[in-house]
Amino acid sequence: EFDFFCFGGVVVDRSDQRPNPCPDWIDANTWDNIAELDKIPQFMGIASAFDQGARDWKNWYMSAKPESEPLPGDWENKCSNELQRMCILRSLRPDRVLFSATSFVAQNLGQAYADPPAFDLKV
């Protein structure tokens with residue numbers, strides 16, 4: 001899971017990849033990440049979840065702060081930790097990963113590690 005969070009899904013050959021059920025709002029690279037995430041045991045079935053709940057996933061995707069919203073369908077319960085939620089966020093909304101990672105660090109290490117240091121020109 002951590003490797004996926006850091007590097008994402010790398011697809012060399014799309015010929016055996018499940019077809020994208022929502023090409024109007026999920027681009028090829030995003031779908032590559034979802035398809036590769038589906039290969040991790042904890043996330044098995046996430047690609048088919050887009051067939052069954054495309055509208056719910058699109059609403060989550062389009063929200064201003066998806067990292068603060070519950071995941072669609074049963075995925076809120078299937079993700080047992082914040083890293084798993086961040087893997088899904090990284091797959092669909094990489095623009096929001098920094099906010100989620102900052103919150104993750106603050107919760108696990110303390111707010112002092114998440115806040116930037118004070119800016120002081122006198123030093």
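These legends accompany four close-up views of a predicted model.

**View 1. Alanine 49 and its neighbours.**
Start with alanine 49, which you will find in helix 3, the stretch made of residues 46-52. Is this alanine buried or exposed? Its relative accessible area is 9%, so alanine 49 counts as buried, given that buried means under 20%. Which residues does alanine 49 touch, leaving aside those up to four places away in sequence? They are Ala54, Trp57 and Trp75. While you are here, look for aspartate 74 as well: it sits 25 residues from alanine 49 along the chain, and the C-alpha atoms of the two are separated by 9.2 Å.

**View 2. The salt bridge between arginine 14 and aspartate 32.**
The whole structure holds six salt bridges, and this view shows one of them, joining the side chains of arginine 14 and aspartate 32 with 2.4 Å from N to O. Arginine 14 belongs to the loop between helix 1 (2-7) and helix 2 (28-37), whereas aspartate 32 is part of helix 2, so the pair ties together parts that are 18 residues apart in sequence. Now compare the two partners. Arginine 14 is partly exposed, at 44% relative accessible area, but aspartate 32 is buried, at 6%.

**View 3. The salt bridge between arginine 18 and aspartate 51.**
Here arginine 18 pairs with aspartate 51 in a salt bridge, and their closest N and O atoms are 3.3 Å apart. Where do the two partners lie? Arginine 18 is in the loop between helix 1 and helix 2, and aspartate 51 is in helix 3, so this salt bridge ties together parts that are 33 residues apart in sequence. Arginine 18 is partly exposed, with a relative accessibility of 36%. Aspartate 51 is partly exposed too, with a value of 44%. Helix 3 may sound familiar, since alanine 49 from the opening view is also placed there.

**View 4. The salt bridge between lysine 39 and glutamate 36.**
In this last close-up, find lysine 39 and then its partner, glutamate 36: the two form a salt bridge whose closest N and O atoms are 2.9 Å apart. Is lysine 39 buried or exposed? Lysine 39 has a relative accessible area of 57%, so it counts as exposed, because the term applies over 50%. Glutamate 36, on the other hand, counts as buried at 18% relative accessibility. This salt bridge therefore links an exposed lysine to a buried glutamate.

Methods: Residues numbered from 1 in each chain as written. Predicted model: local features only at pLDDT ≥ 70, side-chain atom pairs only at ≥ 80, totals over all residues. Heavy atoms only, no water. Helix = DSSP H or I, 4+ residues; strand = E, 2+ residues; numbered from the N terminus. Buried < 20%, exposed > 50% of the residue type's maximum accessible area, 1.4 Å probe, protein only. Contact = heavy atoms within 4.5 Å. Salt bridge = Lys/Arg side-chain N within 4 Å of Asp/Glu carboxyl O.
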